[in-house]
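Here is a short set of exercises to work through with the model open beside you. Try each task before you read its solution.

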Amino acid sequence: MRVTVKDIAKYCGVSSGTVDRALNNRPGIKAKTKKIVLDAARELNYRPDFTARSLVKGKTMTLGIILFDLYNRSFAQLLNAVEFKARENGYFIYIALSDKDPENEKLCIEYLANHKVAGIILFTVNQGKEFEDYLQGFSIPVITIFNYLSENWDYVGIKEKEAMIDGVGHIVDKGYKKFIYICPPLTYQGKTNIYTQEERLKGFLDGLSIKGINEVPLIIKHNGYLSDLEEVTFEKNNKTAIVCSCDLYALEVMNFLKNKDIKIPEEVGLMGFDNIDVLKYISPKLTTVEYPVEQIGFMAVERLVNKIEDGEFFTEITPSIDYRIIVGEST
């Protein structure tokens with residue numbers, strides 16, 4: 001027999017409203033009373049009736065999230081954070097993967113809309129007024145992450161350009177004279193939304209300029225970056241730093257350099273971006289920019305739930321989400 005809110009209220013000698021406030025973490029209840037109610041719920045093996053709750057609230061207790069894929073460890077870390085915070089707020093998650101394809105992304109949005117999710121967290125590859133009008137037509141609250149759409153849409157992210165400027169500043173201060181930048185997603189420049197990658201490229205170039213570096217860097221914008229590195233002569237007396245737009249590329253480059261018996265950082269410096277969790281197993285320790293994906297996931301859910309339940313609206317890039325340079329042995 002299912003235990004109800006009324007059963008818990010009778011068991012604790014309080015009103016059903018008090019139980020509801022305790023179970024849903026709402027204000028207007030004393031901490032002592034809240035603990036009594038939550039302890040009773042556990043003792044009685046209470047399980048929420050999400051169908052009934054959805055009927056009462058007039059919406060499903062589900063959120064949708066659209067990501068590119070789960071190959072990048074930072075996406076997996078983000079998803080874990082989103083699921084945890086959603087569950088904490090009484091919501092479940094639908095996951096859809098776009099594979100960086102604009103049309104497939106629209107299919108993902110339609111899939112989530114057809115499943116009547118209460119809101120969507122979107123890492124978009126689409127952009128422009130036509131897409132924004134399309135998105136607006138679903139009348140579903142949306143929070144964008146990483147790739148910025150416009151001031152008309154809530155956004156959670158970091159200051160990408162400034163983060164890369166700081167990372168490049170660290171590299172230059174280490175005495176490197178020549179620079180290579182690797183970012184395969186730049187091949188989609190002008191075709192899809194690659195806001196994060198464009199901002200990081202700007203940060204790389206601005207960082208060199210700020211530090212007075214006049215040497216023209218080699219910028220590699222395609223997946224064959226290891227083949228391009230085969231053509232590079234690394235000079236011991238004119239050290240090169242390789243900056244990658246994400247850690248996955250940096251790890252590929254590290255493996256390439258090791259296979260060539262090129263010492264890191266004695267002969268070539270290397271920096272990534274993201275600080276994915278597997279870096280703790282890598283030697284030498286990779287210098288990288290920590291991308292706070294867990295904080296972004298938590299804040300995206302909090303903002304989306306506020307938007308769903310209270311109609312709150314935000315459109316600023318949140319400076320409270322800080323990045324930091326993780327200095328490893330690779331620079």
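**Exercise 1. Decide whether Glu-160 is buried or exposed, and find its side-chain partner.**

Keep in mind that you are working with a predicted model.

Step 1. The relative accessible area of Glu-160 is 2%. Buried means under 20%, so Glu-160 counts as buried.

Step 2. Now place Glu-160 in the fold: helix α8, residues 160-173, contains this residue.

Step 3. Look for a polar partner. At 2.5 Å, the side chain of Tyr-291 makes a polar contact with the side chain of Glu-160.

Step 4. Complete the surroundings. Setting aside neighbours within four places in sequence, Glu-160 touches Thr-196, Glu-199, Arg-200 and Phe-273 as well as Tyr-291.

**Exercise 2. Work out which accessibility class Tyr-323 belongs to, and what its side chain reaches.**

Step 1. Tyr-323 sits in the loop that runs between α12 (293-310) and β11 (324-326).

Step 2. Its relative accessibility is 23%, and because buried means under 20% and exposed over 50%, Tyr-323 is partly exposed.

Step 3. Check the polar groups. The side chains of Tyr-323 and Asp-166 are joined by a polar contact of 2.7 Å, and the Tyr-323 side chain also reaches the backbone oxygen of Glu-162 at 3.5 Å.

Step 4. Beyond four places in sequence, the residues touched by Tyr-323 include Ile-158, Lys-159, Ala-163 and Val-289.

**Exercise 3. Find the members of the largest nonpolar core that touch the most other members, then follow Phe-146 outward.**

Step 1. This core has 49 residues, and Leu-78, Ile-145, Phe-146 and Ile-296 touch the most other members.

Step 2. Ask which element gives the largest share: α12 does, with 8 residues.

Step 3. Follow Phe-146. Not counting neighbours within four places in sequence, its contacts include Phe-75, Leu-78, Tyr-195, Tyr-291 and Ile-296.

Step 4. Look for another core. A second, separate one of 23 residues includes Leu-229, Tyr-249, Phe-256 and Ile-276.

**Exercise 4. Describe the second largest pocket by volume and lining.**

Step 1. The volume of this pocket is about 500 Å³.

Step 2. Its lining has 27 residues, and those nearest the centre are Phe-68, Asn-72, Phe-75, Lys-100 and Gln-197.

Step 3. Sort the lining by class: 14 residues are nonpolar, 8 polar and 5 charged.

Step 4. Trace the helices. α5 (73-88), α9 (195-210) and α11 (247-259) each supply at least two lining residues, with the largest share, 3 residues, coming from α9.

How values were computed: Residues numbered from 1 in each chain as written. Predicted model: local features only at pLDDT ≥ 70, side-chain atom pairs only at ≥ 80, totals over all residues. Heavy atoms only, no water. Helix = DSSP H or I, 4+ residues; strand = E, 2+ residues; numbered from the N terminus. Buried < 20%, exposed > 50% of the residue type's maximum accessible area, 1.4 Å probe, protein only. Contact = heavy atoms within 4.5 Å. Polar contact = N/O pair within 3.5 Å; in protein donor to acceptor, adjacent residues only side chain to side chain. 1 Å grid on protein atoms, 1.4 Å probe; cavity = no way out; pocket = protein on both sides within 12 Å on 5 of 7 lines; lining within 4 Å. Points joined across faces, edges and corners; volume = space filled by probe spheres on them. Nonpolar A, V, L, I, M, F, W, Y, C, P; charged D, E, K, R; others polar. Core = buried A, V, L, I, M, F, W, Y, C linked by side-chain atoms within 4.5 Å.
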